[in-house]
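Hi,

Here is the model I promised to pass on. Have a look at it first, and my notes follow underneath.

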Amino acid sequence: MPELPEVETIRIGLQKYLVGHIIKDITINLPKQLSGDTKAVIGARVVVVKRFGKGLVIELDNGYSITAHVKMTGQLLYKEPYLSKQVIAGNAKVSMTSLPDKYTHVIFYLDKGAILFYRDVRQFGWIKIVRSDLVASQPYFKKLGPEPLRDLTFEQFQVILQKRKTPIKQLLMDQSLIAGIGNIYANDALFVSRIHPQRPANSLSEEEQKNLLHAIEQVLKKGIEVGGASEWSYVDALGKSGRYQNYFQVYRKHSQPCPRCGSEIQVIRLGGRGTFFCPKCQK
DNA sequence: CCAGCAGCCTGTGCGC
DNA sequence: TGCGCACAGGCTGCTG
C-alpha cells in the first residue's frame, strides 16, 4: 500500500518521463474514479510532478493540475512503445505488455504515442482535475500535516506528541498531524526506536521522541532508496516493483522471531489496523 | 470535539 | 477440488 516512499517513487518516475508531454485525449472507463474538469487537460503540457503526503499533483501549463491518490491498489503507469521491453526487464509484477487491462479505469493519451493510465483493482483511489491555484484548498491536501524529510522539525514533532494521549502508532498515521506515514513505516519506525505502538503519545520521553523522529526519517529514506515496498500491488510509474518488503523489520512478521532479540513478534489490532511489534524490545 | 467504526471494493488465502 | 467467507487497507463521513 503506497505510503510516502512509494508515492515519492511514482513521482520521481512521472517527473522523469511525463514532463514535456502533451495530453491529447482521455478515455474514462470508470467515471467514479475521475472527477473535476476533465476536458481542461486536453492540449495541455505537463510541467512538473509534485507530492504532498500520499497525494500526487501533476501540474499542467494551462493552470490546471491532475491530482491523484492511489490508496492501496492504484497504479499510475506510464508507457510508450519503445519502453515496453525495458519495463519487462525490470521484474515487473504486472506485465506491461498486457496493459491497459480490465482494471484500467482512466487513460490519458499523450503525444509521441505514449500513454499514462490509472489502474486500480479495488477502485478506492481517485483522480481529480482542478485548477492549480485551488489544489492546496482541496479536502485531501488542505488537511495534511507537515512532511517528514521536508519540513517536520523536532520542535513541531514534540508539540504534536505532547498534546495527545492517542496511542503513538495511530498518531503517526494521522495524516492531519504528519503527512505520508502509513501502516508499514509506522510499524517499522516504532520497532527501530524500540517504542511500543500502544504507548500514549504524550508519554514519550524527550529521548524517545528524538529516537522516533530519527527512526521515521531513517525508514522513509530507506523506503525511497529501494523504490518502495511491493508487498501488495504497488509498482512505480514504469511498472517496476520496489524492494522495501525485503527490509521489513516487524511488519507482517507476526509469529516470527524478532530480528533483534529473537522473541516472537506479536500482532494486535490498533485503530482497526494490523499492528506488529516485539513485546520484549518495544516498551 | 473526538474516538470509533461502517463503507467503499475485490483478490487472496484459509477452513471445511 | 471448490465453495464461502474473513481479511487487507486509506480515507470519508456518520454516529455516539
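Tyrosine 103 has a polar side-chain atom 2.4 Å from a phosphate oxygen of DNA strand B, and lysine 32 has one at 2.4 Å from a phosphate oxygen of that strand too. For glutamine 123, a side-chain N or O atom sits 3.0 Å from a strand B phosphate oxygen. (A polar contact here is a pair of N or O atoms within 3.5 Å.)

Before you read on: this is a predicted model, where local features need pLDDT of at least 70 and side-chain atom pairs count only at pLDDT 80 or more, while totals for chains, interfaces and linings use all residues. Residues are numbered from 1 along each chain as its sequence is written, chains are lettered from A in the order written, and side-chain values use heavy atoms, without hydrogens and water.

Around DNA strand B you'll find Lys32, Tyr103, Val121, Arg122, Gln123, Phe124, Arg164 and Thr166, "near" being a heavy atom within 4 Å. Of the strand B atoms that come within 4 Å of the protein, 62% belong to sugar and phosphate.

Now the inside. The largest nonpolar core has 40 residues, and Phe157, Ile168, Leu171, Leu172, Ile178 and Leu212 have the most contacts inside it. (Such a core is a set of buried Ala, Val, Leu, Ile, Met, Phe, Trp, Tyr and Cys residues joined through side-chain atoms within 4.5 Å; buried is under 20% relative accessible area, with a 1.4 Å probe and protein chains only.) A second, separate core of 31 residues includes Ala44, Leu76, Phe108 and Ala237.

Cheers

Terms used: A polar contact is a pair of N or O atoms within 3.5 Å; within protein, one must be able to donate a hydrogen and the other to accept it, and residues adjacent in sequence count only if both atoms are side-chain atoms. Buried means under 20% relative accessible area, exposed over 50%, partly exposed in between (1.4 Å probe, protein chains only).
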